[in-house]
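Hi there,

Here is the structure I promised to send over. Have a look at it first, and my notes follow below.

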Amino acid sequence: QPRCYLCYLCYNIYKVIFMPTLNQLLKLNRTKIKTKTKSPALGKCPQKKGMCVRVFMTTPKKPNSAKRKVAKIGYTTVRLGKRLRRYTMAYIPGIGHNLQQYCHVLIRGGRVKDLPAVKYHMI
């Protein structure tokens with residue numbers, strides 16, 4: 001967004017200069033912007049089944065301090081043609097848990113703000 005009137009004029013000129021011509025539009029249609037999903041490992045499913053590969057605790061980012069329970073999950077339901085094994089990090093909610101290695105769990109989307117690379121929650 002332009003800040004002042006002069007910037008507004010430059011902004012409009014910039015838009016006019018880089019508009020596609022009719023011939024360019026006839027050759028190539030306008031490309032639609034593809035939206036990225038925030039939980040790519042789920043695909044288009046609401047939940048996915050997986051197996052705990054490793055259960056451990058991590059510390060959050062700078063202003064916070066705690067021990068967050070996290071698990072590394074290997075998906076058991078992977079579409080054919082994709083990689084054989086896909087791993088993601090999932091947060092274990094609640095107070096206390098009895099998860100161990102090789103436990104089967106259900107994963108849903110939803111990131112944890114203060115843990116980097118954790119985009120999923122366990123159900």
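Let me begin with one lysine. Setting aside neighbours within four places in sequence, Lys48 makes contact with Ala41, Leu42, Tyr75, Thr77, Val105, Leu106 and Ile107. Please keep in mind that this is a predicted model.

Lys48 belongs to strand β1, which covers residues 47-58. What caught my eye is that Lys48 is buried and yet has no salt bridge. The nearest side chain of opposite charge is that of Asp114, and it is 25 Å away.

Now for the chain as a whole. It has two helices and five strands, and in sequence order these follow the pattern α-α-β-β-β-β-β. The chain has 123 residues, and 23% of them count as buried; Lys48 is one of the buried residues. If you take the contacts between residues at least 6 apart in sequence, 51% of them join residues at least 24 apart.

On the outside, the accessible surface of the chain is about 10500 Å², and carbon and sulfur atoms account for 58% of that. The surface also carries a patch of positive charge, where Lys38, Lys61, Arg111 and Lys113 gather.

Where does Lys113 sit? You will find Lys113 in the loop between β4 (104-109) and β5 (118-122). Is Lys113 buried or exposed? Its relative accessibility is 67%, so Lys113 counts as exposed, whereas Lys48 is buried.

Happy browsing, and best wishes!

Conventions
Residues are numbered from 1 along each chain as its sequence is written. This is a predicted model: local features need pLDDT of at least 70, side-chain atom pairs count only at pLDDT 80 or more; totals for chains, interfaces and linings use all residues. Side-chain values use heavy atoms; hydrogens and water are left out. Helices (H or I, at least four residues) and strands (E, at least two) are DSSP runs, numbered from the N terminus. Buried means under 20% relative accessible area, exposed over 50%, partly exposed in between (1.4 Å probe, protein chains only). Lys and Arg count as positive and Asp and Glu as negative; His and the chain ends are not counted. A salt bridge is a side-chain nitrogen of Lys or Arg within 4 Å of a carboxyl oxygen of Asp or Glu. Contact means heavy atoms within 4.5 Å. Accessible areas come from the Shrake-Rupley method with a 1.4 Å probe; for residues, only the protein chains shown count as cover. Patches are made of residues with over 30% relative accessible area and no salt bridge: like charges are joined within 9 Å, nonpolar side chains (Val, Leu, Ile, Met, Phe, Trp, Tyr) within 5 Å. The place of a charge is taken as NZ of Lys, CZ of Arg, CG of Asp or CD of Glu.
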